[in-house]
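Biologist: Could you take a close look at the cysteines in this model, and then lead me from there into the interior of the protein? I am a first-year student, so please go step by step.

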Amino acid sequence: MHLLITAGPTHEPIDDVRYIGNRSSGRLGLSIAEESCNRHWKTTLLLGPTALPVPQLEGLETQRFQTTEELSQLLDSYWPSCDLLIMAAAVADYRLPTDSRPAKHARQPQGLDLHLESTPDLVAGLQRKKNQRVVGFALEEAANLVPRALEKLSKKKLDAIVANPLETMDALNITGQLFFSDGTHRLAPEQTKQAFAHWLLDELGDWPEGSPVTGGDK
């Protein structure tokens with residue numbers, strides 16, 4: 001079993017000093033990486049800018065990224081040799097075009113207008129072999145959480161998706177739901193992100209003896 005995990009935010013430069021970012025701490029992805037190593041799975045962690053310490057664990061390879069483009073390049077390099085991708089990173093939806101970034105924006109009394117372009121959908125663009133599986137994440141307001149998660153599950157052709165409310169970001173605990181592409185569904189109790197990582201990998205199952213994405217009755 002070779003598990004690939006992405007975690008943390010991206011920082012998209014506005015200039016050489018400033019960036020567009022988000023409040024993702026990377027805590028959940030780090031917890032999943034630690035739990036994976038505890039199960040003696042080969043584990044590769046692609047980690048964005050975060051203040052949390054990276055665990056020094058046997059079997060864990062860590063590569064760092066800052067931008068969506070850097071993460072895309074790492075996925076291209078590592079994904080072909082992995083069995084399962086858990087895409088927990090909070091990738092920016094927008095960025096400033098490269099050709100419009102000055103060395104530093106000077107302060108202007110009239111303010112500053114930025115024209116942003118969409119970042120590529122990294123998961124939707126992945127090429128997959130027959131036995132590779134992808135688990136995505138949906139972070140949404142509670143009222144829209146389930147329909148948006150199911151929309152992403154279908155649109156991105158994921159094998160499963162974790163749906164969690166906005167309050168999860170940068171929090172110690174998580175209340176997550178797991179939806180499989182076969183229509184089955186799991187609801188996890190509120191728990192620490194470390195406990196959720198254990199629950200999630202239990203639900204996804206051992207690889208390759210049992211498919212981690214078939215769902216089924218329990």
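Modeller: Cys-82 is buried, with a relative accessible area of 3%, and I should say at once that we are looking at a predicted model. Cys-37 is buried as well, at a relative accessible area of 8%. Do these two cysteines form a bond, or are they too far apart? The sulfur of Cys-82 lies 13 Å from the closest cysteine sulfur, which belongs to Cys-37, and this is too far for a bond, because a disulfide needs the two sulfur atoms to be within 2.5 Å. A search of the whole structure accordingly finds zero disulfides, and Cys-37 is in none, its nearest cysteine sulfur being that of Cys-82.

From the cysteines we can turn to the nonpolar interior. The largest nonpolar core has 29 residues, and those that touch the most other members are Ile-32, Leu-45, Ile-86, Leu-178, Phe-196, Leu-200 and Leu-204. Among the elements that give two or more residues to this core are strand E1 (2–7), strand E4 (42–47), strand E9 (133–140) and helix H4 (193–204). Helix H4 gives the most, with six residues. A second, separate core has 24 residues, including Leu-122, Val-123, Leu-126 and Ala-149.

Ile-86 deserves a closer look, and its place is in strand E6 (residues 84–87). Its relative accessible area is 0%, so Ile-86 counts as buried. If we leave aside neighbours within four places in sequence, the residues in contact with Ile-86 include Leu-3, Ile-5, Ile-32, Val-135, Phe-137 and Leu-204. Ile-86 and Ile-161 are 75 residues apart along the chain, yet their C-alpha atoms are separated by 9.1 Å. For Leu-45, with neighbours within four places again left aside, the contacts include Ile-5, Ala-7, Leu-30, Ala-33 and Leu-60.

Burial is also found in a loop, for Ser-24 sits between strand E3 (19–20) and helix H1 (27–38). Ser-24 counts as buried because its relative accessibility is 16%, and the cut-off for buried is under 20%. Not counting residues up to four places away in sequence, Ser-24 touches Gly-8, Pro-9, Ala-90 and Met-169.

Leu-116, in the loop between strand E7 (94–95) and strand E8 (117–118), counts as partly exposed, with a relative accessibility of 33%. Together with Tyr-94, Leu-112 and Leu-114, Leu-116 forms a nonpolar patch on the surface, and the accessible area of these residues together is about 360 Å².

Methods:
Residues numbered from 1 in each chain as written. Predicted model: local features only at pLDDT ≥ 70, side-chain atom pairs only at ≥ 80, totals over all residues. Heavy atoms only, no water. Helix = DSSP H or I, 4+ residues; strand = E, 2+ residues; numbered from the N terminus. Buried < 20%, exposed > 50% of the residue type's maximum accessible area, 1.4 Å probe, protein only. Contact = heavy atoms within 4.5 Å. Patch = residues over 30% accessible without salt bridge, like charges linked within 9 Å, V, L, I, M, F, W, Y side chains within 5 Å. Areas by Shrake-Rupley, 256 points an atom, 1.4 Å probe, with all protein chains shown as cover. Salt bridge = Lys/Arg side-chain N within 4 Å of Asp/Glu carboxyl O. Core = buried A, V, L, I, M, F, W, Y, C linked by side-chain atoms within 4.5 Å.
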